[in-house]
Structures are given as C-alpha cells and as structure tokens.
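Please open the model in your viewer and keep the sequence panel beside it, since this tour moves from one selection to the next.

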Amino acid sequence: MSEDPRHAVTGARERAEAARRPAGAGVSGGREVAAARGPVGYALAQATKAHRVELQRRLARLGLHLGQELLVVDLHHNPGTTQAELVQRIGIEQPTMAKVLTRMERAGFVQRAPDPDDRRVTRLELTERGTAAVDAVQAIWAELDAQAAAGLGEDDARRLIRLLNTVRDNLA
C-alpha cells in the first residue's frame, strides 16, 4: 500500500518517538496531538469520516439517511419481516429502529402491513419507492468502494480489508 509520508507515522521508531514527546510538543491543536499519539486510530477515524460524508451525500439524492440504506436492502431480501427480526439482523436498538422505520414510512420507503395469520404481528415491506431505491443503493456502495480503493491494486485492497478486520477484532 502506498502511503503519503506527510500523513502517516510509518515505523516503530517514529511511533515510539511520537509517544515520548510531551502532548502538544511541536503541534498546534487537538487534531495534531491525536494524529501524533494515535496515528492508526486517527487515520482510521479520518477515513471513516470521509467515507460517511460521501455516502451521506450520495444517499441524500435518493432521500435516504445513513443507515437507512441497510434497511432498504435488508427488506428487499427479507420481505414481510417483523421489526424485531430486523433489529436482530441489523444490530441496532429497538427504540432507534422504531424511529428510523417511522421516518422511512413517512418518506414513502417502507409500509407496515398486518400479518394475515396473527393480528398482533406487523410485517414490514418496501413501497414502490423503496423497491426502486435498492439498485441505486447497491450502485452507490459499489461506486464508493471503487472510489475509496482507487490507486490500490487488488493485493493492496485485500490486504487493507484484512488489516481493517484485524483492527476491528482487536477492538471488539
């Protein structure tokens, strides 16, 4: 992976030297201190922020907010699911899911329908607008992935995925 030497502390010696410097030595603010004290975490946070900003910009064209695209694609693959099932698959809290679904229902992406066999159960389905968004969401994911990996060869991209999975596992 090619690294811009201006933005990365590359070697163990450089990281050790950065850790020994007093907080704020040779830097002018919190971002610089964060980058010097935790270069991996800082770079990861900056990349994540850039990705989220661009993803939100593209989703906004569809009328979706971050995270809602996951629900659109999930409901496309699991029509007639319940809210509880969706909570389990997506992994967000029940109250948050209820708010998101209400917002998506008002925006015309999702509709609730009573279960024909059990009136206590409500099923979730995509509306016509929700169904129309599925391909666009998947295209946005693919385009953004390609943009994020631009300049990386296949081996570098696979290595980056492996490294990011290691970071995730280390923090889990």
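**Confidence, then packing, then a pocket**

Colour the chain by pLDDT, the predictor's confidence in each residue, from 0 to 100: the mean for the chain is 87, and 84% of its residues reach 70 or more. This is a predicted model, in which local features need pLDDT of at least 70 and side-chain atom pairs count only at pLDDT 80 or more, while totals for chains, interfaces and linings use all residues. Residues are numbered from 1 along each chain as its sequence is written, and side-chain values use heavy atoms, with hydrogens and water left out.

Now select helix 1 (residues 12–20), where confidence is lowest, at a mean of 55, and then helix 4, where it is highest, at 97; helices are DSSP runs of H or I with at least four residues, numbered from the N terminus.

Keep helix 4 (residues 68–77) and add helix 6 (residues 94–106), which packs against helix 4 at an angle of about 80°, with the axes 11 Å apart. Axes are lines fitted to C-alpha atoms over the stretch in contact, and angles run from 0 to 180 degrees between N-to-C directions. The two helices are therefore roughly perpendicular, a term for angles of 65 to 115 degrees. Show the side chains in contact (heavy atoms within 4.5 Å): Gln68, Leu71 and Val72 come from helix 4, and Met97, Val100, Leu101, Arg103 and Met104 from helix 6.

Conventions. Angles under 35 degrees count as roughly parallel, over 145 as roughly antiparallel, 65 to 115 as roughly perpendicular and the rest as oblique.
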